[in-house]
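Open the model in your viewer and keep the sequence panel visible. The stops below say what to select and what to look for there.

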Amino acid sequence: MTKNCAALYNHTNIRGGNRVYPCCRYKSPLQTFDGDVDNILHSKAYEELRDTFTLDNPNCAKCKHEELLGKESLREWFNKNYSIDQVKLKYLEIGFDNICDLACDGCWEEWSSTWWAKKNPDLPAKQGITSTHELTNIPSTITKLVFLGGEPLMTNRHRQLLESIPDLSNVEIEYFTNGMHKLTHRDYVLYQQCKRVHFTVSIDGYKDLNERVRSGSKWNNIESFLYDIKDNFDYTVHTTIHKNNWHGLPALADWVEFNNHRWTTNLLTFPKELDIINLEQCDKRTLLVILDEHNIPNNNYIQSHLQGEA
């Protein structure tokens, strides 16, 4: 398999504050977004990164870590699904801003205006909002569009972008959402034009635990959102496992199985103090028993990480 990364030829990630990243995992911004979407992959910064790419780049540490543990990394996923034959933007991830009504464990003000407000209680909340320029020159080559947060369903910018694309019939769209906001009639009209619509709904515990580790969330709202989308769209329940929620995995697994939800998990590795690698040995042993007795996605990877086999 190629040692390059196809993300650098087909994909970009734009975040609030006009920061451009090669992917969602890259640790530092590569350049500043000027509003011209089509120009990003052809910039000098991208050209230099493609020419010098190596997995030893410290910005790519998570993919390297996963590959050492035998788990398919994001880099390997890109290389399996995209080519490096030409530079052409096909996959756009966009976080228009950090506007979010939750303050989740492991998150911070880059992704959540609520976190910023909590850390700056004496300042106007609007000062904590970071956003991007309006998007221009959007290439017709895009076939996948992912809306990140903050919480993308809290503003109209995702709708405005979809309405600006002349033909959505070849475009797959995905939302990363906290499940707290109902879809509108305008959304349903737009989604009918798309090739595929998928929601990744972040849920980090069952009922009270989710409300505790995802401060501001309401379990009834989340279940209502899942009920509304389950017969109309593809969706996945996604859980980020960390020191504050690992003990709730059995109850969450039972709920997922009872409702026949598709479920994925990932490990929180930053901030480091919430990484399960830092659990007490007795808690690690308990978590290993949980992994043996319950159907937890990514089971082998979680065990390898927990036992420090990198």
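Select Lys-118 and Trp-115: the charged end of Lys-118 sits over the ring of Trp-115, 5.9 Å from the ring centre. This is a predicted model, so treat each stop as a description of computed coordinates. Now select Arg-15 with Tyr-21. Here the charged end of Arg-15 sits over the Tyr-21 ring, at 3.5 Å from its centre.

Next, display the aromatic side chains. How many aromatic pairs does the count come to? It comes to 19 aromatic pairs. Pick out Phe-78 and Tyr-91, whose ring centres are 5.5 Å apart with the planes at 40 degrees, so the pair is tilted. Phe-78 belongs to helix H4 (residues 74-81) and Tyr-91 to strand S4 (residues 91-94), so this pair ties together parts that are 13 residues apart in sequence. Phe-78 counts as buried, at 2% relative accessibility. Tyr-91 counts as buried too, at 8%.

Move on to Trp-108 and Phe-270. Their ring centres are also 5.5 Å apart, but the planes stand at 80 degrees, so this pair is edge-to-face. Trp-108 is in the loop between strand S5 (103-104) and helix H5 (113-119), and Phe-270 is in the loop between strand S11 (263-267) and helix H11 (281-293). The pair links distant parts of the chain, 162 residues apart. Colour by accessibility here: Trp-108 is partly exposed at 25% relative accessibility, whereas Phe-270 is exposed at 56%.

For the aromatic cluster, select Phe-96, Phe-147, Tyr-175, Tyr-188, Tyr-191, Phe-199, Phe-225 and Phe-233, which ring pairs link together.

Phe-225 leads to the next stop, as it is one of the buried residues of helix H9 (residues 219-229). Select the buried set in H9: Trp-219, Ile-222, Phe-225, Leu-226 and Ile-229. They cover an arc of only 125 degrees around the axis, so they lie on the same side of H9. Turn to the other side of H9 and you find Asn-220 and Tyr-227, which are exposed. What do the buried residues of H9 pack against? Show strand S7 (172-177), strand S8 (196-202) and strand S10 (234-241), then add helix H8 (208-213) and helix H10 (249-259); the buried residues of H9 pack against these elements.

Now go to Ile-142, in the loop between H5 and strand S6 (144-147). Is Ile-142 buried or exposed? At 7% relative accessibility, Ile-142 counts as buried. Leaving aside residues up to four places away in sequence, Ile-142 touches Leu-89, Lys-90, Leu-92 and Val-171. Add Asp-38 and draw a C-alpha to C-alpha distance: Ile-142 and Asp-38 are 9.9 Å apart in space, though 104 residues apart in sequence.

The last stop is the cysteines. A disulfide is a covalent bond between the sulfur atoms of two cysteines. The cut-off for counting one is 2.5 Å between sulfur atoms, and the count comes to zero disulfides. Select Cys-24 to see why: its closest cysteine sulfur is in Cys-23, 5.2 Å away, too far for a bond. Cys-24 is partly exposed, at 40% relative accessibility. Then select Cys-104. The closest cysteine sulfur to that of Cys-104 is in Cys-107, at 6.0 Å, again too far for a bond. Cys-104 counts as buried, at 10% relative accessibility.

Conventions:
Residues are numbered from 1 along each chain as its sequence is written. This is a predicted model: local features need pLDDT of at least 70, side-chain atom pairs count only at pLDDT 80 or more; totals for chains, interfaces and linings use all residues. Side-chain values use heavy atoms; hydrogens and water are left out. Buried means under 20% relative accessible area, exposed over 50%, partly exposed in between (1.4 Å probe, protein chains only). Helices (H or I, at least four residues) and strands (E, at least two) are DSSP runs, numbered from the N terminus. The arc is that of the directions from the helix axis to the C-beta atoms. Contact means heavy atoms within 4.5 Å. Rings of Phe, Tyr and Trp (its six-membered ring) pair if their centres lie within 6.5 Å; planes under 30 degrees apart count as stacked, over 60 as edge-to-face and the rest as tilted. A charge sits over a ring if NZ of Lys or CZ of Arg is within 6 Å of the ring centre and within 35 degrees of the ring normal.
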